[in-house]
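Visitor: Could you take me through one part of this protein slowly, side chain by side chain? I'd like to begin at the start of the chain and then see how the charged groups pair up.

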Amino acid sequence: MRVWLPPVVFGVLMVVVWQLVTDVGGLPSFLLPSPSAIAEQFHANLGNIAAASIATGKNALIGLIVGSILGLVSAAVAVRLRVVDELLSPIAAAAAAIPIVALAPVFNSMFSATTDFPRRLVVTIVVFFPVFVSAAKGLRQVAPVHLDFMRSCAASNWEITRHVRFPMALPLVFTGLRVAAPNAVIAAIITEYFGGLQNGLGSRITSAASNTAYPRAWAYVVGAIVVGLLFFLLVLLLERLVARRPARAVRADYRRTP
């Protein structure tokens with residue numbers, strides 16, 4: 001309870017203060033809708049919010065998976081080959097410096113705006129950088145004695161990477177994934193502001209705001225927050241499952257030892 005109770009209490013107090021400020025202060029809805037109005041619109045548009053969340057979440061998930069795989073593979077190759085490291089590191093840094101608002105319209109013009117491919121491509125680029133940097137740093141943090149021991153056992157480079165480098169790099173890899181997962185949702189939403197299919201949260205937020213339906217726009221924002229939290233919790237769950245597997249493997253080996 002000491003972990004989850006304080007933020008829950010703080011969140012409830014913030015909502016209460018928010019409601020009081022909007023009611024007593026008489027703030028117009030275009031400036032700040034009340035939580036009760038947002039909750040009403042969320043309930044009234046629950047089906048549309050769920051459909052838009054699924055569309056945006058699908059693009060974010062595909063981009064997250066592809067970007068993570070590319071980041072991990074590129075980091076493994078960069079650690080082994082210095083030339084690849086010198087080529088990929090500045091390219092990854094340059095890709096991270098490009099704003100999403102510049103990539104989205106360009107990709108919509110380059111590829112078909114009637115598909116989700118441009119949006120997934122933007123998410124892939126956004127995810128690639130934190131995963132690549134974290135994985136490369138983790139793969140390099142291996143004690144020389146471990147490498148010497150594996151080489152003395154005639155282990156191949158792939159076996160060293162699989163059994164030594166990747167297990168040692170897992171904490172940093174998941175640090176990069178925890179950063180990349182919410183960013184994937186943010187990137188998927190922002191790309192929807194620049195045309196294309198009108199089926200995601202970003203397009204629904206823009207449409208509601210342009211029609212001065214501000215409580216409904218905020219209801220879609222709440223849906224975006226829920227999707228971002230689900231992605232973050234998914235990474236945390238995956239991290240716990242992966243962290244428990246080595247411990248179970250060690251216990252199994254110990255029980256098999258005569």
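Guide: Sure. Keep in mind that this is a predicted model. Let's begin with W4, which sits in the segment before α1, the helix that covers residues 5-25. Is W4 buried or exposed? Neither label fits: its relative accessible area is 49%, and exposed takes over 50%, so W4 is called partly exposed. W4 also belongs to a nonpolar surface patch of about 1,100 Å². The other contributors are M1, V3, L5, V8, V9, V12, L13, V16, L20 and V24.

Carry on past α1 and you come to S34, in the loop between α1 and α2, with α2 spanning 35-44. S34 has a relative accessibility of 14%, and because buried means under 20%, S34 counts as buried. What does S34 touch, once residues up to four places away in sequence are set aside? Its contacts are W18, Q19 and T22.

Now for the charged pairs. How many salt bridges does the model have? The count comes to four, and here are three of them, beginning with R82 and E86. Their closest N and O atoms are 3.2 Å apart. Both residues belong to helix α4, which runs over residues 82-97, and they are four residues apart, or about one turn of the helix. R82 has 68% relative accessibility; that is over 50%, so R82 counts as exposed even though it has a salt-bridge partner.

D116 gives you another setting to look at. This side chain meets that of R119 in a salt bridge, at 3.6 Å from N to O. D116 also forms a salt bridge with R120, where the closest N and O atoms are 3.8 Å apart. Put those two pairings together and you have D116, R119 and R120 linked in a network of salt bridges.

How are the members of that network covered? D116 comes out at 15% relative accessibility, which is under 20%, so D116 counts as buried. R119 is buried as well. R120 has a relative accessible area of 21%, and because buried means under 20%, R120 is classed as partly exposed. So in the D116 and R119 pair both partners are buried, whereas D116 and R120 join a buried residue to a partly exposed one.

If you're turning the model on your screen, try W4 in its nonpolar patch, then the R82 and E86 pair in α4, and finish with the network around D116.

Terms used. Residues numbered from 1 in each chain as written. Predicted model: local features only at pLDDT ≥ 70, side-chain atom pairs only at ≥ 80, totals over all residues. Heavy atoms only, no water. Patch = residues over 30% accessible without salt bridge, like charges linked within 9 Å, V, L, I, M, F, W, Y side chains within 5 Å. Areas by Shrake-Rupley, 256 points an atom, 1.4 Å probe, with all protein chains shown as cover. Helix = DSSP H or I, 4+ residues; strand = E, 2+ residues; numbered from the N terminus. Buried < 20%, exposed > 50% of the residue type's maximum accessible area, 1.4 Å probe, protein only. Contact = heavy atoms within 4.5 Å.
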